[in-house]
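Work through these exercises with the sequence and the 3D view open. Try each task before reading its solution.

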Amino acid sequence: MEPTHRKKILISGKGRTTAGIAVNCLRSQQASIYYLSDDRAEDEDMIRKIIADSEWRSGEKMEVSKLKFISSETWINGIDIAVCITEEDPGIKQHRLLQIENRVAPETIIGVNTESVLLHDLQKKLKNPGRVIGLNWRDPAYTSAFLEIITNELTPRSVLQYMEATARNCWYKDPYVVSCGYSIRARLLAALAREAFYLVEHGYASIEDIDRACRNDAGYYLPFAGNCRYMDLMGTYAYGLVMKDLNRELSKSEALPAFFEELVRNGKTGMSAGEGFYKYEKGEYREWEEKFRKFSFDIQSIIDKYPFGYVKEEPAEVNQSNDE
Amino acid sequence: MSDILRIRNPVIGIVGIGLMGSSITASLLAAGHRVKAIAPLPGEEEPGLDRIIRQLRLCEDFDLLNAPLKEYLGLLTVSNDYYPLGDCGLVVECIVEDIEIKETIFKKIVEFTPANAILASNTSAIPISILQQMIPDPQRFIGIHWAEPAFGTRFLEIICGRETNEQTVDSIFNLAISWGKEPTVLKKDIRGFITNRLMYAVYREILHLVEKNVIGFEDADKCFRYDAGSWMTLMGIFRRMDYDGLDDYNTAFRNIFPHLSNEEGISPQMQKIMDSGAGGIQNGRGFYTYTQREAERWLQSFEAFNKDIFHLAANYPEEIPITSKVTS
């Protein structure tokens, strides 16, 4: 399989994240997108709005006619990649993967989002498990270079190469690959959240204070080059000295804090429910979506200005990490 | 004294005008405060003043000055003696992280400042609850922790010691808002404060995954730059979870927390990096290696980026009401 812009992509899922992925794939002008949606009317409306907003902000034109909604009964010939987005439930993921497997050819690559379900568990009941990989996006996908490709020992090299090339050449991504079969983004975010939970649960800081600390400290350097490069810029050795004393005092909790479990139990599951860690007035969720969409374009324009390693300017001086 | 600038109260004393102290001084001058800068070491006044002027030029670069630089210098005195602290309402100590030296300095500060002035430390290493025992009335002692450069972000951490009173916290919180900061309050002293603890938890996990050979440092950087880095200037971790929906996080965290690293010390990987004398871009050795030219370019790029992100973040402020903080 040679990566080419003339691809047939099947997208299965619903809601904002999935709609954003469809728009991201549409940016590659020669792709055909087949959208298998649970709620066609809502998703179609969302996609049209995103495209209109995106074209207005970036000036980039997209051919909406390349996007076709299909029903779950349709067999599509020649699908190159099937992208599957579901909630974080192994049963639902497995069911959806079986459904897709029965509708596409044996060589089609299937990429499914997963935060904590092991790739191995998702591959179990499939006839051709090696072609299923983990594919995690950042929402909204169409303004971000983020793509996490999760593979394991069952993944053929050709599948990985094809996905990497597609991500770079057609989807505007700068992907990284983890071959351990689980998401590292989820691990790193969980580490951050665990400490944030600890500080709130033990009365050291409020939800608002934690968020302010995130926005106004890490928010001012993470978009430049991530964590490790930042430590190098500030002086790596000093960070090691702090780790020596601080690590032993960081949270080791294996359980979720009671205040978080209570929120979920009471259906206070975030903006869409009108309450989560914060309370939201009617219409505030949409305002946040608008604000974040605008912000995503703004931050991406800065991220684009500072490429990793400055490969674009100086091919001869590509930085190498110590672990390579 | 300037006719152009709007001068703010109180007069603020800064004791110690090294890199951090000079940056804080410039930040306060830019906000319109009269600043009494004290250089405790003999012969440090002149280099200290030079540093403050350099920092003020950077403020100018960030479009933070509304008048010519010399107008702001008119708000500043630099001295070796402590007697100019006599009319200060707030004095911030910014000297080396040495508890005995700090004790000597605070004795002098107490001697020369009004009895109702708030006294503060910019320490990021010594507990405020310990430092506040160095003054006769510890309830007016507090930690104020700026990022570097002090004027370049909205970040400001306010740290309460065991005996810090509410009035002191509220005064500093409201003052910080008037500086254009979005202050965070650490209600009880804890090592690493808020922001360091959050990020060191991430560093610990990165090093653990590198140790297991699951990722390289560049993967970790890509991951957090392109994901967290593309929302964190707008949303903190809790707001982001609200935005995404808590159900999936609930399932994912339940599965993941038992697998997270609980490493108590330095990981072998980090120790190896430290053993190489890792100065980062200062000596070309850190998580990555650098030629001299690469190091220079990274630094220049980071400086340019700082300006870009400063202006972008300014378009997405948080409206924080001026209220009582500790009781909320």
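**Exercise 1. A helix on the sheet of chain B**

Which strands of chain B does helix H6 (residues 166-178) of chain B lie across, and at about what angle does the helix run to S7(B)?

Solution. A caution before starting: this is a predicted model.

Step 1. Find the strands. H6(B) lies across S1, strand S5 (118-121), strand S6 (141-146), strand S7 (156-159) and S8 of chain B.

Step 2. Read the angle. The direction of H6(B) is at about 175° to S7(B).

Step 3. Place these strands in their sheet. The sheet is open, has eight strands and follows the order S3-S2-S1-S4-S5-S6-S7-S8 (chain B). Its pairing is mixed. The twist averages 25° from one strand to the next.

Step 4. Look at the edges. Strand S3 (76-79) and strand S8 (184-186) of chain B each have a single partner strand, so one side of each is left without a neighbour in the sheet.

**Exercise 2. The neighbours of S1(B)**

Work out how S1(B) pairs with S2(B) and with S4(B).

Solution.

Step 1. Take S2(B). Strand S1 (residues 8-15) and strand S2 (residues 33-38) of chain B are parallel, with five bridges. Val15(B) is opposite Ile38(B) of S2(B).

Step 2. Trace the connection. S1(B), helix H1 (residues 19-30) of chain B and S2(B) form a β-α-β unit, and the unit is right-handed.

Step 3. Take S4(B). S1(B) and strand S4 (residues 90-93) of chain B run parallel, joined by four bridges. Gly13(B) has Val91(B) as its bridge partner in S4(B).

**Exercise 3. The sheet of chain A**

Give the strand order in chain A, then find the edge strands.

Solution.

Step 1. Write the order. Eight strands make an open sheet, S3-S2-S1-S4-S5-S6-S7-S8 (chain A), with mixed pairing.

Step 2. Mark the edges. They are strand S3 (67-70) and S8 of chain A, and each pairs on one side only. From one strand to the next, the twist averages 25°.

Step 3. Check the S8(A) end. Strand S7 (residues 147-150) of chain A runs parallel to S8(A), with three bridges between them. Ile150(A) is bridged to Val178(A) in S8(A).

Step 4. Add a helix. Helix H1 (residues 15-26) of chain A packs on the sheet. The strands touched are strand S1 (8-13), strand S2 (32-37), S3, strand S4 (81-84) and strand S6 (132-137) of chain A. The direction of H1(A) makes about 170° with that of S1(A).

**Exercise 4. Backbone details**

Locate the cis peptide bond in chain A and the one in chain B.

Solution.

Step 1. In chain A, the cis bond joins Asp139(A) and Pro140(A), with omega about 0°. Pro140(A) sits in the loop between S6 and S7 of chain A.

Step 2. In chain B, the cis bond runs from Glu148(B) to Pro149(B), with omega near 0°. Pro149(B) lies in the loop between S6 and S7 of chain B.

Step 3. Look for an unusual phi. Tyr172(A) is not a glycine, yet its phi is positive, near 60°. Tyr172(A) is in the loop between helix H5 (157-169) and S8 of chain A.

**Exercise 5. Size and domains**

Compare each chain with a compact globule, then divide chain B into domains.

Solution.

Step 1. Chain A has 324 residues, for which a compact globule would have a radius of gyration near 20 Å; the chain has 21 Å, which agrees. Its C-alpha trace spans about 60 × 55 × 45 Å along the principal axes.

Step 2. Chain B has 328 residues, and its 21 Å also agrees with a globule value near 20 Å. Its C-alpha trace spans about 60 × 50 × 40 Å.

Step 3. Split chain B. The pieces are domain 1 (8-186), domain 2 (194-264) and domain 3 (276-318). The centres of domain 1 and domain 3 of chain B are 26 Å apart.

Step 4. Inspect that contact. Five residues of domain 1 touch five residues of domain 3 in chain B. The domain 1 side has one nonpolar, one polar and three charged residues.

**Exercise 6. The interface between the chains**

How many residues of chain A are in contact with chain B, and which helix gives the most?

Solution.

Step 1. Count. 103 residues of chain A contact 103 residues of chain B.

Step 2. Name contributors on the chain A side. Among them are strand S8 (176-178), helix H7 (207-216) and helix H12 (284-305) of chain A. H6(A) gives the most, with 13 residues.

Step 3. Sort by class. The chain A side has 51 nonpolar, 23 polar and 29 charged residues.

Methods
Residues are numbered from 1 along each chain as its sequence is written. Chains are lettered from A and ligands numbered from 1 in the order in which they are written. This is a predicted model: local features need pLDDT of at least 70, side-chain atom pairs count only at pLDDT 80 or more; totals for chains, interfaces and linings use all residues. Domain bounds come from an automatic or database domain assignment. Two residues are in contact if their C-beta atoms, placed from the backbone, lie within 7 Å. Ala, Val, Leu, Ile, Met, Phe, Trp, Tyr, Cys and Pro count as nonpolar, Asp, Glu, Lys and Arg as charged, and the others, Gly among them, as polar. Helices (H or I, at least four residues) and strands (E, at least two) are DSSP runs, numbered from the N terminus. Two strands pair if DSSP finds at least two bridges between them. A crossover is right-handed if, with the strands pointing away from the viewer, the path from the first strand over the helix to the second runs clockwise. Axes are lines fitted to C-alpha atoms, for helices over the stretch in contact, and angles run from 0 to 180 degrees between N-to-C directions. The radius of gyration is taken over C-alpha atoms; the globule rule is 2.2 Å times the number of residues to the power 0.38.
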